[in-house]
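Reader: I've got a model open and I'd like to learn how to read its packing. Can you walk me through it?

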Amino acid sequence: MGLLLNGINGNYLRNILLNAEEETERVDAAVAYATQNDLLFDWCWDKKLPLRFWGRFDEQVPVSVHVLERFLGHRSGRYVCKLVRQFHPKVIWWRGFGAYIGSANLTQSAWWNNIEAGIFLTETELAHGGHDLELEQFFSEIEAHAAPLTQELLDLMSERNKELSRRQATQRPSDEAFLSTTLVPDFPGLAKSSEKTAGEKRKLSFLDEWNSTLQIIRNISTRISEDGNRPSWVGATAPLGAQADQFLHAHYYQNTFDGQRADFETHFNRNRSDPDAALVSAIRWWRTLPDSVGENKMLNKTAPALQRAFSEDILPRLTEDQFVKVLGKVHATRDFARRAPDRLIGLKGGRTYNIPEKVVALARRIYRAPTRGGASALETLFYVLYGGRAEEVPHRLWEATVDPKRKIDLIGISALGEIVGWAMPDKYPPRNGRTRKALRSLGHDVAVHV
């Protein structure tokens, strides 16, 4: 669970989008007021994620006309907008990832400037408490009273909005005189953010998280690489970042699962007061692992192969078949392919596909994807890794996730972070969503879902 208080604690709704893409299957949003497309709606459209949105209907036109026009303009059953009377919730459910329940509308001020309060519950937490079923009931009840957006409804809202604009122009002097009172202290909000400064804030938030997590992984890699702390099959010259990745991988999958679900939050609550003691215990377990485990193959065979494939000389020359083989060894890519709808990755309906088939389909779709501004997937990866000083890789990685001319369709921040780690394991240990969950289970208060 995460608490989102905007500028008070540095957790903003936008932060969720940095991590949600790979696990989200669909977005259901019941938010009364919506004036911006570029907060949530554009994100769904850019990621090709189905979206169902319910907004408020009343005489004040709480859902902006330009938002309604964009929905109607898509003319797609994947992007549905409906309006409801007597409606005031602020709930966004990234299906498969988690849900936000709070006070923030889909407005620029609510996402950045206002004092807002809300919580984010992961999909695991929703299921554990039975809240996913309650949310299903919540959305079903809304749907029973909702009206679909039509051209006639849009025309009605447009005319009403023009009338309101005329009224507001007439009343503006009176409104400004009222608001100028000193009886309530002037308060500009928690942040004054233009679109540009809001983007900078998101970038700084990402870089802060990247750097803080990086140092934690480096500290762990130093400890586990010491003589006496390595399993017998881990050589002293193995890259420290790769050692840390496989240590965290083994710990996460073998020590944090309760049945089919990773219960890393229970481990976090148990270990948060003393992460060092938790690490000592995990190392004690790690160094006794036999050489038959999958981490042995990954560390001693797969990792060196990935480092060669993503090297400065070889990466630009990868053929499609070579790219498919290489990308299939990236954990974040395999995990995304496992959950991705068949149609999203170019597979036809009519039968069930196994994970290897889905991984191949995903990798081929990435390799063949239309380029934006002339940058192919290989060119963007090369730019992230070798397009400047190595110290600036995190900045270029961020650029590759937000710049439409750089972004690689179907590759998110988790896969990019892992690829950076396999290419430069001594400088940037591989990291993905599983890495952060493993760190959290060891008591480190790192961001996982928000």
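**Reading the packing**

Author: Sure, and keep in mind that this is a predicted model. Let's start with α18: eleven of its eleven residues are buried, so this helix is largely enclosed by the rest of the structure.

Reader: Which residues are buried in α18?

Author: The buried ones are Ile413, Ser414, Ala415, Leu416, Gly417, Glu418, Ile419, Val420, Gly421, Trp422 and Ala423.

Reader: How do I describe two helices that pack together?

Author: Two numbers do the job: the angle between the axes and the distance between the axes. Take helix α14 (residues 331-339) and helix α18 (residues 413-423): their angle is about 155°, and their axes are 8 Å apart. Angles over 145 degrees count as roughly antiparallel, so that is the label for α14 relative to α18.

Reader: Which residues of α14 and α18 meet?

Author: On the α14 side you have His331, Ala332 and Thr333, and they meet Ser414, Ala415 and Glu418 of α18. Sorted by class, this contact has two nonpolar, three polar and one charged residues.

Reader: And at what angle do α14 and α15 pack?

Author: At about 110°, again with the axes 8 Å apart; α15 covers residues 355-368. α14 and α15 are therefore roughly perpendicular to each other. From α14, Thr333, Arg334, Phe336, Ala337, Arg338 and Arg339 meet Ile355, Lys358, Val359 and Leu362 in α15. That contact divides into five nonpolar, one polar and four charged residues.

Reader: What about loops? Is Thr256 buried or exposed?

Author: Look at the relative accessible area: for Thr256 the value is 1%, and buried means under 20%, so Thr256 is buried. Thr256 sits in the loop between α9 (240-255) and β9 (257-258). A polar atom of the Thr256 side chain lies 2.5 Å from the backbone oxygen of Tyr252. Beyond its neighbours within four places in sequence, Thr256 touches His251, Arg261, Ala262, Asp263, Phe264, His267 and Ser441.

Reader: Last one: how many disulfides does the count come to?

Author: Zero. The test is a pair of cysteine sulfur atoms within 2.5 Å. For Cys44, the closest cysteine sulfur is in Cys81, 13 Å away, which is too far for a bond. Looking from the other end, Cys81 is in no disulfide either, with the sulfur of Cys44 as its nearest cysteine sulfur.

Reader: How buried are Cys44 and Cys81?

Author: Cys44 is buried at a relative accessible area of 0%, and Cys81 is buried at 6%.

Methods:
Residues are numbered from 1 along each chain as its sequence is written. This is a predicted model: local features need pLDDT of at least 70, side-chain atom pairs count only at pLDDT 80 or more; totals for chains, interfaces and linings use all residues. Side-chain values use heavy atoms; hydrogens and water are left out. Axes are lines fitted to C-alpha atoms, for helices over the stretch in contact, and angles run from 0 to 180 degrees between N-to-C directions. Helices (H or I, at least four residues) and strands (E, at least two) are DSSP runs, numbered from the N terminus. Angles under 35 degrees count as roughly parallel, over 145 as roughly antiparallel, 65 to 115 as roughly perpendicular and the rest as oblique. Contact means heavy atoms within 4.5 Å. Ala, Val, Leu, Ile, Met, Phe, Trp, Tyr, Cys and Pro count as nonpolar, Asp, Glu, Lys and Arg as charged, and the others, Gly among them, as polar. Buried means under 20% relative accessible area, exposed over 50%, partly exposed in between (1.4 Å probe, protein chains only). A polar contact is a pair of N or O atoms within 3.5 Å; within protein, one must be able to donate a hydrogen and the other to accept it, and residues adjacent in sequence count only if both atoms are side-chain atoms.
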